[in-house]
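Please work through the following exercises with the sequence and the model at hand. Each task is followed by a solution in steps.

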Amino acid sequence: MSTTRPYSPGDHGPEPGDPPAATGRQVRRLSLDGASGIVPLARDFTRDALHAWGWLPAATADRRAAAEDVLLVVSELVTNACLHAEGPDELIVSLDNKVLRLEVADRGAGQPAPRTPHRAGRPGGHGMFIVQRLCLDWGVVRTPGVTGKTVWAELGAPA
């Protein structure tokens with residue numbers, strides 16, 4: 001398991017004179033157990049959080065791309081849980097300063113990993129490759145004695 005970085009790699013926090021950032025961790029949870037239309041539900045829930053936290057509406061192309069990356073990663077994590085892990089139980093979206101963390105808890109025993117070698121033209125199997133490419137970091141947390149796991153991914157806040 002990796003530790004959560006408070007800032008993007010190479011970023012040492014706000015510069016003097018920058019407007020103050022929201023302080024404290026903000027968290028939103030969505031139960032997905034037994035829900036239908038899970039992927040769109042997860043995307044809509046995450047989009048609402050991005051609106052509440054000021055990522056949307058996006059004022060610049062970079063901000064819009066950052067929000068789209070978050071929504072794509074949510075889609076990939078939730079889809080993987082549906083296809084490979086008996087379905088997702090919960091989605092947690094949290095924001096701590098400049099890092100947005102996505103967590104998808106499921107009941108599966110498998111270990112997600114990018115397909116190696118990655119073949120861009122081959123259908124399917126791109127989910128964790130996309131997560132790896134778009135995120136600052138990602139990983140899997142397992143609790144001893146508990147069935148399932150939580151797959152998490154972290155993305156940097158837009159500049």
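The exercises below concern a predicted model and proceed from the overall fold to single residues.

**Exercise 1. Determine how many helices and strands the protein contains, and in what order the elements follow one another.**

Step 1. Counting the elements gives 3 helices and 5 strands.
Step 2. Reading from the N terminus, the order is β-α-α-β-β-α-β-β.
Step 3. For the wider setting, consider the contacts with a separation of 6 or more: residues 24 or more positions apart account for 63% of them.

**Exercise 2. Describe how much of the protein is buried and what its accessible surface comes to.**

Step 1. The protein has 159 residues, and 37% of them count as buried.
Step 2. The accessible surface amounts to about 8,900 Å².
Step 3. Carbon and sulfur atoms contribute 53% of that surface.

**Exercise 3. Establish which strands pair with S5, and in which sense.**

Step 1. Strand S5 comprises residues 149-156.
Step 2. Strand S3, residues 99-106, pairs with S5 in the antiparallel sense over 8 bridges.
Step 3. Strand S4, residues 137-141, also runs antiparallel to S5, and 5 bridges join the two.
Step 4. At the level of residues, alanine 153 in S5 is the bridge partner of leucine 102, and tryptophan 138 likewise stands opposite alanine 153.
Step 5. As to covering, 7 of the 8 residues of S5 are buried, and the strand is thus mostly covered.

**Exercise 4. Locate glycine 24 and decide whether it is buried, partly exposed or exposed.**

Step 1. Glycine 24 lies in the segment before strand S1, which spans residues 25-31.
Step 2. The relative accessibility of glycine 24 is 39%. Partly exposed residues fall between the limits of 20% and 50%, so glycine 24 counts as partly exposed.
Step 3. Beyond its neighbours within four places in sequence, glycine 24 is in contact with Leu95 and Asp96.
Step 4. Asparagine 97 is 73 residues away from glycine 24 in sequence, yet the C-alpha to C-alpha distance is 7.2 Å.

**Exercise 5. State how many disulfides the structure holds, and classify cysteine 82 and cysteine 135 as buried or partly exposed.**

Step 1. The structure holds 0 disulfides.
Step 2. Cysteine 82 has a relative accessible area of 37%, so this residue is partly exposed.
Step 3. Cysteine 135 has a relative accessible area of 10%. Because buried means under 20%, cysteine 135 is classified as buried.

Note on methods: Residues numbered from 1 in each chain as written. Predicted model: local features only at pLDDT ≥ 70, side-chain atom pairs only at ≥ 80, totals over all residues. Heavy atoms only, no water. Disulfide = S-S within 2.5 Å. Buried < 20%, exposed > 50% of the residue type's maximum accessible area, 1.4 Å probe, protein only. Helix = DSSP H or I, 4+ residues; strand = E, 2+ residues; numbered from the N terminus. Contact = heavy atoms within 4.5 Å. Pairing = 2+ DSSP bridges. Areas by Shrake-Rupley, 256 points an atom, 1.4 Å probe, with all protein chains shown as cover.
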